[in-house]
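Reader: I am new to this structure and would like a close look at a single part. Please take the open sheet and what lies against it.

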Amino acid sequence: MRENETIAAISTPLGEGGIGIVRLSGPCAFAIVDRVFACSKKNQSGYPKPRYLYYGYIKDFQKNLIDEVLVAFMSAPNTYTREDIVEINCHSGVYTLRSIQKLVLEAGARLAEPGEFTKRAFINGRIDLSQAEAVLNMIRARSEEAVKMAARGLQGELMNQVEALREKLITLRAPLEASFDYPDEFDPDDLDHAALDRGLEEVKAELQMLIQGVERNRAYQEGVSVAIIGKPNVGKSSLLNALLQQQRAIVHEIPGTTRDLLEGYMNLGGYPIRLIDTAGIQGTCDPVEKQGIDLSRSAADQACLIILVIDGSAPWTDTDEELASLKRHNQGLVVVINKSDLEQKLTSDQIKYCCPGAEIVETAAIKGQGIKRLEDAVTVELDRLFDSNMEMENPVIVSLRHEEIINEALINIENAITAVETQPLEIISLEIQNAWSKMGEITGDTINEDLLDKIFSEFCLGK
Ligand SMILES: Nc1nc2c(ncn2[C@@H]2O[C@H](COP(=O)(O)OP(=O)(O)OP(=O)(O)O)[C@@H](O)[C@H]2O)c(=O)[nH]1
Ligand SMILES: [Mg+2]
């Protein structure tokens, strides 16, 4: 990384809005902005006084006015990047923002790479890697729960847990290393194998604890897919509209109205949900309908949870039974008996027989009846699926990257435990060292430049 360069980028979304920000970070940030910022109070106030907003104009080198702005100067090291930072608050228009960015680049800054501001915060030691990743999670969070988890990551919760574990590993390894380095003073035979074993078991349990909440956390972070499945005309699209509270899908009495997959987004119990309406499943010779049905089946297969809709005013059929059997292991299922406002021909016994244990909810989608009960049933099913009864104060682990690292460290520790009885001390020590080093990849203590680049490249420009 070219740390000595001053970087700049538009840090707010490009579009029309009240305020847009062009941000600079680096040793020449103040000097660069000074070349393009005409500030009336400059001399009287001893500008730039850090953390004050200065009113003035951005002008190009020919003194043409570009925008009326407020500029904040923040001096190192008390800034996001620990470098000098300047934020130019301008009017948010695509052309204005781009013009100011272009001007500061001409005045000596370099265009920042995606995530480079946060990368500098990491490299300059203000945050660790897990906190940098939490920044990304915060930006991407699509539900209240996801925001809460990202905030915990930002506060360094994961970093603290990981560092405490790594400390333990150092303590466990110390007597082993001492016996290699000072064989005269530390006799390997005096080593307390039972204590070593106990310590390793403790670390193993803590690592397992760390991974426990992963699936649920990921569901909160990335969202869950919920597919509405059923025979034609049972009211799937009506249910989608009722849940989304908008006329998203066409509803019609002609069976086979929905031919494609249709999606909408909603939030339930803190879970961001991708709700998918599907074409009604039945035997057909129509090639277009058949394609739609193939899509329905694959949506059912890939969903985290299936809402199986059955028409309560019609008798139970073999197709309903076949649809009930689509549920995979580890997939959630809620059964809806729709059209409960009409005379009922269906008994829940048949459903209970084909979908043992499944929650059954009666709705009248076109009247909006039973929708709240359906939402509650889906939330309960998701909680069950993602083991949400666990205490909320579980460690914050959301990324697949962390999970993989912890799993690998866990293997090292399990190897070390097996080695305590059977292998030379060097092997145990090496496994502990490997686990310590692996865990350092979470905080960024032991990570290579390529991986860092990969992580930060996922950020947006200007962050
Ligand atoms: N009485 C009654 N009619 C309903 C209810 N829900 C849906 N309908 C009617 O059933 C018909 C089919 O509804 P849709 O929501 O289009 O059903 P669908 O399952 O999406 O149908 P396809 O897209 O053809 O598979 C429409 O005429 C709806 O007005 C309900 O709760 N009660
Ligand atoms: Mg439909």
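Author: The account below goes through the sheet strand by strand and then turns briefly to the rest of the chain.

This is a predicted model, in which local features need pLDDT of at least 70, side-chain atom pairs count only at pLDDT 80 or more, and totals for chains, interfaces and linings use all residues. Residues are numbered from 1 along each chain as its sequence is written, chains are lettered from A and ligands numbered from 1 in the order in which they are written, and side-chain values use heavy atoms, with hydrogens and water left out.

The open sheet has 7 strands in the order E3-E4-E5-E6-E2-E1-E7, and its pairing is mixed. Strands (E, at least two residues) and helices (H or I, at least four) are DSSP runs, numbered from the N terminus. Two strands pair if DSSP finds at least two bridges between them. At the edges stand strand E3 (37-39) and strand E7 (110-111); each has a single partner strand, so one side of each is left without a neighbour in the sheet.

From the E3 edge, E3 and E4 run antiparallel and are joined by 3 bridges. In this pair, cysteine 39 stands opposite glycine 56 in E4. E4 and E5 also run antiparallel, with 7 bridges, and here glycine 56 stands opposite valine 69 in E5. The hairpin of E4 and E5 has 5 residues between the strands, and lysine 63 in this hairpin takes a positive phi near 65 degrees.

Further along, strand E2 (residues 17-25) and strand E6 (residues 85-92) pair in the antiparallel sense over 8 bridges. Glycine 20 stands opposite cysteine 90 in E6.

Helix H2 (residues 94-106) lies across strand E1 (7-10), E2, strand E4 (53-59), strand E5 (65-74), E6 and E7. Contact means heavy atoms within 4.5 Å. H2 runs at about 150 degrees to E6; axes are lines fitted to C-alpha atoms, for helices over the stretch in contact, and angles run from 0 to 180 degrees between N-to-C directions.

Elsewhere, leucine 374 is in contact with Leu239, Leu243, Ile307, Val334, Val336 and Val361, leaving aside its neighbours within four places in sequence.
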